[in-house]
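Visitor: I should like to understand how this structure is put together. May we go through it step by step?

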Number of protein chains: 2
Amino acid sequence: MPLFKKIAIIGVGLIGGSIGLAIKKKKLAGQVIGISRHQRTLNLAKKIKAIDYGSLDLKAVKDADLIIFAAPIETILNLAPSLSGLISKNCIVTDVASTKLEIVSKLEKFFPNFIGAHPLAGSEKRGIDFARADMFKGSLCILTPTKNTSVKAKKEVALFWEKIGARTTQLSAPDHDKIMAFVSHLPHILAFSLIGAVPEKYLKFCASGLKDTTRIASSDSRLWAEIILSNANCPQVIDVFQQNLNKIKVVIKNKNKELLVRILESARRKRETIV
Amino acid sequence: MPLFKKIAIIGVGLIGGSIGLAIKKKKLAGQVIGISRHQRTLNLAKKIKAIDYGSLDLKAVKDADLIIFAAPIETILNLAPSLSGLISKNCIVTDVASTKLEIVSKLEKFFPNFIGAHPLAGSEKRGIDFARADMFKGSLCILTPTKNTSVKAKKEVALFWEKIGARTTQLSAPDHDKIMAFVSHLPHILAFSLIGAVPEKYLKFCASGLKDTTRIASSDSRLWAEIILSNANCPQVIDVFQQNLNKIKVVIKNKNKELLVRILESARRKRETIV
């Protein structure tokens, strides 16, 4: 028996489309419907069998027993009030946004069975064209329950992610956002800043180092502006990075080779732990 | 007929070993000898047929008609004076170091047929174990001739790199170093600084973004300390980056979404040109 009768995915892009493909592959729902602002996206999602049915109208979520917001942060915040009038109290609602504090504090007011989720998967590519059924296989999905989160939402959303191949863990929304500011949002800010700082005429001399360090600067700019601005930790985390870079700059200016070797070696060892 | 009778490679690591493999594959030399401080490296280089003969003694370069320095910068600068007494005036000498101004200005005093070279290839991996015959295929090799460089050195070293699969171009040593400060040394400094700034306990939550932006922080720390310190442009290039990052931080602090989107979009478009 499928876990859910009807799952609605709001936003059928890279992540929403991949969730749809994974649900269908694992037969986790009687029916999967997709909501998008673009008919082309819905047609493509249906063609690749990420959804059974697509709609431009939010009302199509009626009767869903699981709703997954896979849209940009502001879209989620904008749609939540109207959605709350369309669904039953028993419906489980979750999302996949990259920052959690704002989304969780607002959405749990609208939905009695809400839990925030953040699958650590995806890529700099954008849109349903890059969706894959195995996107979440072996990845980590962070759930951010609060004291208000229902046992039902917590249990069923965790099970859902595990069924589509992710490991799950729980963090508070503030802890989640602080950690992501360091391990995800800061690297994106630096990648955008780095490519911005390199004179265009020098780019033809770039090798794999610059390519790798700036790959994520190919990410969607509006999506990332929203993510960065919705995480209140970003300015402080940039400060921490700037202090560290300043320290290294002083060592370089002083030509203190042995100290520089020690700093780089300590960074190298830390990096090795995540290979 | 091979291009050279006897090529000596001083330093048989990732780059020196790959050069040896490529020479042997393309049959560019009657004999290839490798010089290293470590017998194990020489044994391995011989075993994988990167060299015909290995020696711990620099004197083995005698009679070479091409000598390639593929050692760290300080090692090259230390060995140059003793090497100059061991070889004929006709011998062509080149190197593969990542910064050029210091090496070129010093080595052209010792060797009448010297030209600096920098193949834009390699990886964060280190040592002969990772050497590959096709390391330079399709890559760019920058030659840095001066007004003192002999026509013979310029012509034959360019031909050599082209024969092992690289395209060649010429830059002055100061231009080379300025460009590399932006497209290679700055990304390395930032990768080391970024991983240094992330609290260790958060690393288990890292996804592909942090992994990619810090891959090059796995590079050898002593080698990179020498590269960074030998490029006098590094402090100034860090300044340029810091100004750009500061600008972005102010926009984030002011929550100026439309301006942030424009800055990220401009970076994204620039990044797309190097994909």
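Visitor: How many residues of chain A are in contact with chain B?

Guide: Please note at the outset that this is a predicted model. Two residues count as being in contact if their C-beta atoms, placed from the backbone, lie within 7 Å. By that criterion, the residues of chain B in contact with chain A number 71, and on the side of chain A the number is 71 residues.

Visitor: Which element gives the most residues to the side of chain A that touches chain B?

Guide: The elements of chain A that supply two or more residues to this side are α6, α7, α8 (221–230), α9 (234–253) and α10 (257–272). With 16 residues, the greatest contribution to the side of chain A that touches chain B comes from α6(A).

Visitor: How many residues on that side of chain A are nonpolar, polar and charged?

Guide: The division concerns the residues of chain A on the side that touches chain B. There are 14 charged and 15 polar residues, and the nonpolar ones number 42.

Visitor: How are the two copies related?

Guide: A turn of 180° with a shift of 0.0 Å along the axis lays chain A on chain B, with an RMSD of 0.0 Å. The two copies are thus related as by a two-fold rotation axis.

Visitor: Which residue of chain A comes closest to the rotation axis?

Guide: The distance is taken at the C-alpha atom, and the value is 1.9 Å. The residue of chain A that comes closest to the axis is A:T213.

Visitor: What share of the interface residues of chain A are also interface residues in chain B?

Guide: The copies meet through the same surface, because the interface residues of chain A are also interface residues in chain B. The share is 100%.

Visitor: Is A:F205 buried or exposed?

Guide: A:F205 lies in the loop between α6 (173–197) and α7 (208–214) of chain A. Its contacts, leaving aside neighbours within four places in sequence, are with B:L120, B:I179 and B:V183. A residue is buried if 20 or more other C-beta atoms lie within 10 Å of its own. A:F205 has 21 such neighbours, and therefore it counts as buried.

Visitor: What radius of gyration does chain A have?

Guide: Chain A has 10 helices and eight strands, and its C-alpha trace spans about 65 × 45 × 30 Å along the principal axes. Buried residues make up 54% of its 275 residues. For a compact globule of 275 residues one would expect a radius of gyration near 19 Å, which agrees with the value for chain A, 21 Å.

Visitor: Where do the buried residues of helix α3 of chain A lie around its axis?

Guide: Helix α3 covers residues 73–84 of chain A, and its buried residues are A:I73, A:I76, A:A80 and A:L83. The face turned away from them carries the exposed residues A:N78, A:P81 and A:S82. The buried residues cover an arc of only 85° around the axis, which puts them on the same side of α3(A).

Visitor: What covers the buried residues of α3(A)?

Guide: The cover comes from elements of chain A, both strands and helices. It includes β4 (66–69), β5 (92–95), α4 (101–110) and α8.

Visitor: Within what arc do the buried residues of α5(B) fall?

Guide: In α5(B), the buried residues are B:A153, B:V157, B:F160 and B:W161, whereas B:V151, B:K155 and B:L159 are exposed on the face turned away. What covers the buried residues includes β5 (92–95), β6 (114–119), β7 (140–144) and β8 (167–170) of chain B. The buried residues line one face of the helix, because they fall within an arc of 90°.

Visitor: What is the phi of A:K49?

Guide: Most residues other than glycine have a negative phi. A:K49 is found in the loop between α2 (39–47) and β3 (53–55) of chain A, and with 13 C-beta neighbours inside 10 Å it counts as partly exposed. Although A:K49 is not a glycine, its phi is positive, at about 65°.

Visitor: What is the phi of A:D63?

Guide: A:D63 is placed in the loop between β3 and β4 of chain A. A:D63 counts as partly exposed because it has 14 C-beta neighbours inside 10 Å. It is not a glycine, yet its phi is positive, at about 75°.

Conventions
Residues numbered from 1 in each chain as written. Chains lettered and ligands numbered in written order. Predicted model: local features only at pLDDT ≥ 70, side-chain atom pairs only at ≥ 80, totals over all residues. Helix = DSSP H or I, 4+ residues; strand = E, 2+ residues; numbered from the N terminus. Buried ≥ 20, exposed ≤ 12 C-beta atoms within 10 Å, placed from the backbone. Nonpolar A, V, L, I, M, F, W, Y, C, P; charged D, E, K, R; others polar. Expected span 1.5 Å × (residues − 1). Arc of directions from axis to C-beta. Least-squares fit on C-alpha atoms with pLDDT ≥ 70 in both. Rg over C-alpha atoms; globule rule 2.2 N^0.38 Å.
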